[in-house]
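The following exercises concern strand pairing, packing and connection in a predicted model. Each task is followed by a worked solution.

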Amino acid sequence: MGLSMIALRSRRVPSSADPHPAIGKLAASSPTALPASSRFVQPHPKGYCPRIADRRAAPIPKAELHLHIEGTLEPELALEVADRNRLPLPYADAAELRARYRFHNLQSFLDVYFETMAVLRTEEDFADLASGYLNRARAQGVRHAEIFFDPQAHIERGVPMATVIDGLWSVLAASEERYGISTRLIMCFLRDRSPVSAMEALESALPYRDRIVAVGLDSAEVGHPPSEFVELFDRARREGFRCVAHAGEEGPPSYIWEALDLLRVARIDHGNRCLEDPALVARLRAERVPLTVCPLSNVRLGAVGRMADHPLPEMIDAGLLVTVNSDDPAYFGGYIDDNYRLIQRDLGIDDAQLLQLAGNSFRAAFLSDAERARYLKELEEYSPAGR
Ligand code: HPA
Ligand code: ZN
């Protein structure tokens, strides 16, 4: 897509009837409602590398909106925690554990993901997980992170909700001061467990509602449509939570329709398969529904054969509000800026598009107007040569 297309799309100012108020408000007040290309694309001085994502010392400021904290459990930490909790994993070292990280679909990943996270037992374990992620995220230019966690997976192992949330919160409460990253928690329900178990998890999280911005839906998608969770999401909304859901990762476009119409989500996590349904693409575009796309995850789980075949450029060309995220970076071979770098290298995403994606990440985030404006200004002032 040419720059003029990006500029054209970024001009849209949603009306007050927009179904996603956070995004509508931002566009009305934000300087990024103006053409991104005119501000960001400067003539390159002699010797300057035009590919911004190569500039690892000064990564683009960005928000991460699709990140499972359990998916940041690096093999080294898993082994350390296992040892500490006297739950030894049957692997001699981190390299042997990492060698298991070869997947052919979502389920083959989920089997390893749930097995490895079983070492997490104490508040300290969840705190270490959160600080490990924030340290890496800071180095990758993350300024704001909306972090999924899977409480049912821990509760079914006898780990109380309080342990999970207090452990994460002991780090996240001060993430801005300590790491320069604002954070929000999103509690995900496991769609391959019963809606009753999900409702119990929701109820046990109510005392912590001030620490949780939204609920989500994850785990094995096919055969577990959003329509099974209508009552749960209705209750969550009544309790004041925003709603998101994984849909269209492996599941059909009908699951995306259901997530929009029945669960009334504010964002779709993944959403790649929307491209199979032109009417759905038109709906997502018209309503500016953000999609949290995860390119490396899609390659590692076999949704696309290789990065060069990823549909991201098609999604951008379709005028969708796309963001790029890392999903489960410890398992998929890269954190968020690695994803940014790979889409530049293999998909021909240019600097203006990359900056547009970073802008989208702040536009699609559950931020206040003031926070959003501050981050967008920081992005506007970003220079790849250094901050
Ligand atoms: N999809 C569904 N569930 C998940 C994922 C994912 O990519 N990562 C962790 N749980
Ligand atoms: Zn995910």
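**Exercise 1.** Identify the residue of β7 that stands opposite Ile268, and state the sense in which β6 and β7 pair.

*Solution.* Step 1: the residue facing Ile268 is Leu291 in β7. Step 2: Asp269 likewise has a counterpart in β7, namely Thr292. Step 3: β6 (residues 267-270) and β7 (residues 290-293) pair in the parallel sense, over two bridges. Pairing requires at least two DSSP bridges between two strands; strands are DSSP runs of E with at least two residues, helices runs of H or I with at least four, numbered from the N terminus.

The model is predicted, so local features need pLDDT of at least 70 and side-chain atom pairs pLDDT 80 or more, whereas totals for chains, interfaces and linings use all residues. Residues are numbered from 1 along each chain as its sequence is written, while chains are lettered from A and ligands numbered from 1 in the order written.

**Exercise 2.** Follow the bridge partners of Leu291 and Ile268 outward into β8 and β5.

*Solution.* Step 1: Leu291 has Val322 as its bridge partner in β8, and β7 and β8 pair in parallel over four bridges. Step 2: Ile268 of β6 is the bridge partner of Ala245. Step 3: β5 and β6 are also parallel, with four bridges. Between β5 and β6 the chain passes through α13 in a right-handed β-α-β crossover (clockwise from first strand over helix to second, strands pointing away from the viewer). Step 4: β6, helix α14 (residues 278-286) and β7 likewise form a right-handed β-α-β unit.

**Exercise 3.** Which residues of β7 and of α13 are buried?

*Solution.* Step 1: a residue is buried if 20 or more other C-beta atoms, placed from the backbone, lie within 10 Å of its own. Step 2: Pro290 and Thr292 point one way from β7, Leu291 and Val293 the other way, and all are buried. Step 3: in helix α13 (residues 253-261) the buried residues are Tyr255, Ile256, Trp257, Glu258, Ala259 and Leu260. Step 4: these buried residues of α13 pack against β5 (242-247), β6 and α14 (contact: C-beta atoms within 7 Å). Step 5: across the protein, 51% of the 387 residues count as buried.

**Exercise 4.** Place the strands in their sheet, and explain why β1 and β8 are left without a neighbour on one side.

*Solution.* Step 1: the open sheet has eight strands in the order β1-β2-β3-β4-β5-β6-β7-β8, with parallel pairing. Step 2: β1 (62-68) and β8 (321-324) are at the edges with a single partner strand each, so one side of each has no neighbour in the sheet. Step 3: neighbouring strands are turned by 25° against each other on average, direction ignored. Step 4: helix α18 (residues 336-347) lies across β1, β2 (142-149) and β8, at about 115° to β8 (axes fitted to C-alpha atoms, for helices over the stretch in contact; angles from 0 to 180 degrees between N-to-C directions). Step 5: in total the protein has 20 helices and eight strands.

Technical notes. Contact = placed C-beta atoms within 7 Å. Buried ≥ 20, exposed ≤ 12 C-beta atoms within 10 Å, placed from the backbone.
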